[in-house]
Amino acid sequence: MDGTQILTLGLGLEAPWILKDQHLDTSVSPHRLDLYVEAERGSLYPCPECGKACPAHDFADKTWRHLNFFQHHCYLHARVPRTKCPVHGVKRIEVPWARPGSDFTLLFEQAAMSLVKEMPVLAVSRQLEISDKRLWRIVHHYVGRMLGELDLSNVATVGVDETASRRGQRYVTVFLGGGSGSVIQRGVLLRGVARAKTHGQSGAGDHPR
Ligand SMILES: [Zn+2]
């Protein structure tokens, strides 16, 4: 098994996607590994609306930050097609390794969210070597999605409190669902922090405890 096969397995790439090229740049700090993913020529892609296999209309070059390769930053590059469906017209497809609009792979986001559960966002951003602003964007996306999936139909009362997250004028607004289960309480609490951040009441490193 050669290096390309190992990396392909590691990335979990499936047809039509293949690892076309790789380049480790040790002249920059931190060192970075760039992986170039392509679909095999003439591939058909599922229309995002109906799933019908369609030819590519055109391509756009996209880059995502991926999990580190050992201690080196890793970036995934791909030419992402737009399909030309006879019914739905020209549509950009979703790639299996990242959600639409994100500059990070799903695995990177998963790792980031696991860390965010354990430590403040600012500390995680330093650990991952991304800005806390970009990390907050990931956090807001997943918290928003989780809220969308929450069943709040049994929440009859909501408690609101504000607490200092640390010494000084840094506050976290906390929303608690009265009489609800712990999952709902945690979801509402997270939303409280997100809202507090939106209104500028919470520092970049604040996180619910
Ligand atoms: Zn279609």
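Helices here are DSSP runs of H or I with at least four residues, numbered from the N terminus. With that in hand, select Trp136, which sits in helix 4. The model on screen is a predicted one.

**Stop 1: Trp136**

Is Trp136 buried, exposed or in between? A residue is buried if 20 or more other C-beta atoms lie within 10 Å of its own, and exposed if 12 or fewer. Trp136 has 18 C-beta neighbours inside 10 Å, so it counts as partly exposed. Now add Val116 to the selection. Val116 and Trp136 are 20 residues apart along the chain, and their C-alpha atoms are separated by 9.8 Å.

**Stop 2: helix 3 against helix 4**

Select residues 121-128, which form helix 3, and residues 132-149, which form helix 4. The two pack at an angle of about 115°, and their axes are 9 Å apart. Helix 3 is therefore roughly perpendicular to helix 4. The crossing of helix 3 over helix 4 is right-handed.

Which residues meet here? From helix 3, show Val121, Leu122, Val124 and Ser125; from helix 4, show Asp132, Leu135, Trp136 and Val139. Colour them by type: six are nonpolar, one is polar and one is charged. Trp136 from the previous stop is part of this contact.

**Stop 3: helix 2 against helix 4**

Keep helix 4 and add helix 2, residues 106-116. Helix 2 and helix 4 pack at an angle of about 85°, with 10 Å between their axes. This pair is therefore roughly perpendicular too. On the helix 2 side the contact uses Glu109, Ala112, Met113 and Val116, and on the helix 4 side Leu135, Ile138, Val139 and Tyr142. Seven of these residues are nonpolar, none is polar and one is charged.

**Stop 4: the buried face of helix 2**

Hide helix 4 for a moment and look at helix 2 by itself. Phe108, Glu109, Ala112 and Val116 are its buried residues. Turn the view until you look down the axis of helix 2: the buried residues fall within an arc of 95°, so they line one face of the helix. An α-helix has 3.6 residues a turn, so residues three or four places apart point the same way. What covers the buried residues of helix 2? Bring back helix 4, then add helix 3 and strand 5 (56-69); the cover includes these three elements.

**Stop 5: Leu76**

Move to strand 6, residues 72-85, and select Leu76 within it. Leu76 has 25 C-beta neighbours inside 10 Å, so it counts as buried. Setting aside residues up to four places away in sequence, Leu76 touches Leu35, Val37, Trp64, His66, Trp97 and Thr105. Next, select Leu33. The C-alpha atoms of Leu76 and Leu33 are separated by 8.6 Å, although the two residues are 43 residues apart along the chain.

**Stop 6: Phe70**

Leave Leu33 selected and go to the loop between strand 5 and strand 6, where Phe70 lies. Phe70 and Leu33 are 9.9 Å apart from C-alpha to C-alpha, and 37 residues apart in sequence. Phe70 has 7 other C-beta atoms within 10 Å, so Phe70 is exposed.

**Stop 7: the whole chain**

Finally, show everything. How many helices and strands does the chain have? There are five helices and nine strands. Of the 209 residues of the chain, 22% count as buried. Among contacts in the chain with a separation of 6 or more, 45% join residues 24 or more positions apart.

Note on methods. Residues are numbered from 1 along each chain as its sequence is written. This is a predicted model: local features need pLDDT of at least 70, side-chain atom pairs count only at pLDDT 80 or more; totals for chains, interfaces and linings use all residues. Axes are lines fitted to C-alpha atoms, for helices over the stretch in contact, and angles run from 0 to 180 degrees between N-to-C directions. Angles under 35 degrees count as roughly parallel, over 145 as roughly antiparallel, 65 to 115 as roughly perpendicular and the rest as oblique. A crossing is left-handed if the near helix is turned anticlockwise from the far one by less than a right angle, and right-handed if clockwise. Two residues are in contact if their C-beta atoms, placed from the backbone, lie within 7 Å. Ala, Val, Leu, Ile, Met, Phe, Trp, Tyr, Cys and Pro count as nonpolar, Asp, Glu, Lys and Arg as charged, and the others, Gly among them, as polar. The arc is that of the directions from the helix axis to the C-beta atoms.
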